[in-house]
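Subject: Structure handover

Hello,

Here is the structure you were going to look at. My notes on what was found follow below it.

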Amino acid sequence: MMNIRYTIMAGCLLMMGLASCEMKNEILRKDDDSSEMGLLNLGVAVDSKNNDVQTKAEAESGETIPSVSATGYIVEISNSTGVYKTLTYDPTNASVELPVGDYTMAAHKPGDPTETEPYYGGSTSFSMKKNESTDVAVTCKMTNTKIQLAYSTEMQASFTSWSITVKAGMRSKVLTYSGTEAFAQPSAFYWMLDEGVKEITVSFV
């Protein structure tokens, strides 16, 4: 009876040992798969040409487009399961080792969009191949819309006060001039428009 018990226990231990070996082999095989790597050389550029919506009676000329650096932009590299790696873009150290596979790289200005300045972002797709170096560049463009009201001299001469409402989708903004304060052209503002918004209306009273 004792021998039978030991034989059964030995058999169980042997099965557990075999199962452990199989699990180890599976893990090793996974490690082998993950060792198939490629080198990503990433680049981020900013196209700072403004997406302007302007209302004005007098055209302005000679406007220069400012140069915008992408250094410090947030880069997210995603695969089919979600964000795989997040990093801060540094053009002097822009190489990343990645497992073989298909990816999407998105880059955007740090922080959230505000109403006071442009917000740039962009994305692109790429594939990594084993032991190969891949150059991938993403160009960030303005994702919000610059809205600039410009009051003509005729308007200033014809009206002593006014209220202007700018509306796009669910967003609206009212700009007023009472005539009692010093006149000044209004500052530009930037809106992240909701998807599907195709029209911006300006109402003058």
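To start with one pairing: Lys-167 has Thr-201 in E13 as its bridge partner. Please keep in mind throughout that this is a predicted model.

The small sheet

That pairing belongs to the contact between E13 and strand E10 (residues 162–168), two antiparallel strands joined by 4 bridges. E10 also pairs with E11, again antiparallel, over 7 bridges. In that second pairing, Ile-164 is opposite Leu-175 of E11. The result is an open sheet of 3 strands in the order E11-E10-E13. Its edges are strand E11 (171–177) and strand E13 (201–204), each of which pairs on one side only. From one strand to the next the twist averages 15°.

E10 and E11 make a hairpin with 2 residues between them, and Gly-169 in the turn has a positive phi of about 65°. A positive phi also occurs in a residue other than glycine: Asn-131, with a value near 60°. Asn-131 sits in the loop between strand E7 (120–128) and strand E8 (133–142). Its relative accessible area is 67%, so Asn-131 is classed as exposed.

Salt bridges

Over the whole structure, 3 salt bridges were found. Two of them involve Glu-115. One is with Arg-171, at 3.5 Å from N to O. Because Arg-171 is in strand E11 and Glu-115 is in the loop between E6 and E7, this pair ties together parts of the chain 56 residues apart in sequence. The other is with Lys-173, where the closest N and O atoms are 2.9 Å apart. Lys-173 is likewise in strand E11, and this pair links parts of the chain 58 residues apart. Glu-115, Arg-171 and Lys-173 are thus linked in a network of salt bridges.

As for accessibility, Glu-115 is partly exposed at 29%. Arg-171 is partly exposed at 30%, and Lys-173 is partly exposed at 25%.

There is also a salt bridge between Glu-117 and Lys-109, with closest N and O atoms 3.4 Å apart. Glu-117 is partly exposed, at 37% relative accessible area. Lys-109 has a relative accessibility of 19% and therefore counts as buried, the cut-off for that class being under 20%.

The nonpolar cores

The largest nonpolar core has 24 residues, and Leu-42, Val-44, Ile-77 and Phe-126 have the most contacts inside it. Strand E1 (37–47), strand E3 (74–79), strand E5 (95–99), E6, E7 and E8 each contribute at least two residues to this core. A second, separate core has 12 residues, among them Leu-149, Met-155, Trp-162 and Val-166. In soluble globular proteins, nonpolar side chains tend to be buried together.

Which residues does Phe-126 contact, leaving aside its neighbours within four places in sequence? They are Leu-40, Ile-77, Leu-98, Gly-101, Asp-102, Tyr-103, Thr-104, Met-105 and Val-136.

Gly-101, one of these contacts of Phe-126, is in strand E6 (residues 101–108). With the same neighbours left aside, Gly-101 is in contact with Phe-126, Ser-127 and Met-128. Gly-101 counts as partly exposed because its relative accessibility is 22%. Between Gly-101 and Ser-80 the C-alpha to C-alpha distance is 9.2 Å, with a separation of 21 residues in sequence.

Regards

Technical notes:
Residues are numbered from 1 along each chain as its sequence is written. This is a predicted model: local features need pLDDT of at least 70, side-chain atom pairs count only at pLDDT 80 or more; totals for chains, interfaces and linings use all residues. Side-chain values use heavy atoms; hydrogens and water are left out. Buried means under 20% relative accessible area, exposed over 50%, partly exposed in between (1.4 Å probe, protein chains only). Contact means heavy atoms within 4.5 Å. A nonpolar core is a set of buried Ala, Val, Leu, Ile, Met, Phe, Trp, Tyr and Cys residues joined through side-chain atoms within 4.5 Å. Two strands pair if DSSP finds at least two bridges between them. Axes are lines fitted to C-alpha atoms, for helices over the stretch in contact, and angles run from 0 to 180 degrees between N-to-C directions. A salt bridge is a side-chain nitrogen of Lys or Arg within 4 Å of a carboxyl oxygen of Asp or Glu.
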